[in-house]
Amino acid sequence: MDVTTRQTPPAPARAARRQEPAWSAGLALAVFAGVRGAGVLVITLGAWWADRNPVRVLGGSWDSYWYLSIAANGYGRTQMWPASDSIQSDSAFFPLYPVLTHLLGGGPVAGLAVAWTAAAVAAVGIYRVGERLLGARAGVLLVALWASLPHAVVLTLGYTEPLLCALAAWSLYALLRERWMWAASLAVLAGLTRPTGIAVAAAVSVLALRELLRGGRAPAVWAAGLLAPAGWVSYVVAVGARRHELFGYFTVQRQWGSRFDFGAGTVGVVDKVLTGGEVTIPVAVTVATLAVAGLLAVLLLLDRTPLPLLVYTAVLLVIALGGAGFFESKPRFLLPAFPLLLPVASAMAKARPRTAVAVTVGMAGLSFGYGAYLTLLAKVPL
């Protein structure tokens with residue numbers, strides 16, 4: 001089975017491609033480290049100027065606070081807000097990231113160590129996917145674009161997106177190479193990382209189903225298709241059992257204000273922006289991000305993209321667009337959807353090098369400024 005549906009390059013191109021990854025994977029990692037390292041420096045300087053602790057800003061803001069609490073004390077914390085009649089339970093947060101943080105000793109530094117390591121692993125995995133589909137140059141540019149997104153600051157915060165990106169990228173790469181059990185095992189871990197980790201499991205299971213429908217009967221295909229959702233399902237079931245409620249996890253999410261409304265909330269906010277209603281900068285940026293993501297999804301669909309990447313990206317888009325609550329966080333939820341950037345990376349790889357560099361530098365500069373705004377000035381949750 002060939003899951004990559006793209007035409008096989010001629011022999012000389014394949015030989016050149018085999019020679020490039022040894023150095024270009026390192027280049028991709030260096031580009032990522034340079035872009036996001038500069039972003040960390042900007043936030044650090046801004047935090048010092050505002051008389052704030054940069055480690056706390058990076059490793060202990062918003063959701064990071066909940067993860068650090070779980071890492072230190074386990075689950076069981078609930079926060080009530082009588083004014084809005086809402087209840088926030090730490091059961092909304094999946095366990096893998098706080099467990100890893102706990103194993104490193106807990107605290108913001110440990111959380112950042114997990115997140116930054118995962119982000120570096122993700123960068124190499126994203127490069128490998130891009131290199132396999134489009135060549136080494138496009139793979140490096142794919143990483144550069146991903147590191148320069150408006151919300152890419154999250155990749156250097158004590159959040160779970162870097163860990164999910166790492167597990168997703170390498171699981172998808174394993175699928176492209178037909179390494180079924182590797183892909184499924186990473187999908188299990190992704191399902192223990194974030195609610196959107198189910199997108200990785202969906203990619204593995206759908207591809208396994210297609211293989212079975214085509215007549216494949218390899219035990220690894222069966223096993224991968226069944227195993228992939230196990231991490232996500234096990235945590236959702238565990239929360240339900242702890243609350244003595246079958247769908248307890250979804251109740252927890254509703255109490256946080258998160259529910260699936262089939263996009264009604266998203267359409268309402270977009271309509272407000274388009275009709276001239278008063279909106280904040282994060283809301284405007286979110287609407288623009290969702291519009292661009294929709295356009296890129298169409299291009300991805302038209303570009304003969306392999307099925308697992310399409311399924312993975314589609315599930316992330318459905319969850320982000322169809323979910324209500326925390327509208328300004330939707331671009332963060334789409335950070336793991338790096339396949340959306342494949343058409344852009346492909347186009348940039350064909351452009352002059354100075355053009356690609358100029359685009360990357362411009363995007364990175366905007367990302368630094370917006371990242372500093374979100375972490376130091378904005379009063380909305382990331």
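## Close-up views of a predicted chain

**View 1. Helix H15 and its cover.** The buried residues of H15 are covered by surroundings that include helix H14 (264-274), helix H16 (307-322), H17, helix H18 (342-350) and helix H19 (353-376). Please keep in mind for every view that this is a predicted model. H15 itself runs over residues 281-302 and holds 22 residues. From its first C-alpha to its last, H15 reaches 32 Å, close to the 32 Å expected at 1.5 Å a residue. If you would like to find the side that is hidden, look for Pro282, Val283, Thr286 and Val287, then follow on to Leu290, Ala293, Leu296 and Leu300: these residues of H15 are buried. After H15 comes arginine 304, and its phi is positive, near 55°.

**View 2. Arginine 332 in helix H17.** H17, one of the helices that cover the buried residues of H15, spans residues 330-333 and contains arginine 332. Is arginine 332 buried or exposed? Its relative accessible area is 3%, and since buried means under 20%, arginine 332 counts as buried. Leaving aside residues up to four places away in sequence, arginine 332 touches Asp63, His151, Val154, Tyr159, Glu161, Arg194 and Leu382.

**View 3. Leucine 213 in helix H10.** Here we turn to another helix. H10 covers residues 198-213, and leucine 213 belongs to it. Leucine 213 has a relative accessibility of 69%; exposed means over 50%, so this leucine counts as exposed. For a distance to check on your own screen, try leucine 213 and alanine 201: they are 12 residues apart along the chain, and their C-alpha atoms are separated by 18 Å.

**View 4. The whole chain, for orientation.** Stepping back, the chain has 19 helices and 4 strands. Its C-alpha trace spans about 65 × 50 × 50 Å along the principal axes. A compact globule of 382 residues would have a radius of gyration near 21 Å, and the chain agrees with this at 21 Å. Of the 382 residues, 52% count as buried. Among contacts with a separation of 6 or more, 76% come from residues 24 or more positions apart.

**View 5. The surface and charges of the chain.** About 17,000 Å² of the chain is exposed, and carbon and sulfur atoms supply 68% of that area. The chain carries 29 positive and 16 negative charges, and the mean positions of the two sets are 8 Å apart.

Notes:
Residues numbered from 1 in each chain as written. Predicted model: local features only at pLDDT ≥ 70, side-chain atom pairs only at ≥ 80, totals over all residues. Heavy atoms only, no water. Helix = DSSP H or I, 4+ residues; strand = E, 2+ residues; numbered from the N terminus. Buried < 20%, exposed > 50% of the residue type's maximum accessible area, 1.4 Å probe, protein only. Contact = heavy atoms within 4.5 Å. Rg over C-alpha atoms; globule rule 2.2 N^0.38 Å. Areas by Shrake-Rupley, 256 points an atom, 1.4 Å probe, with all protein chains shown as cover. Lys, Arg positive; Asp, Glu negative; His and termini not counted. Charge placed at Lys NZ, Arg CZ, Asp CG, Glu CD. Expected span 1.5 Å × (residues − 1).
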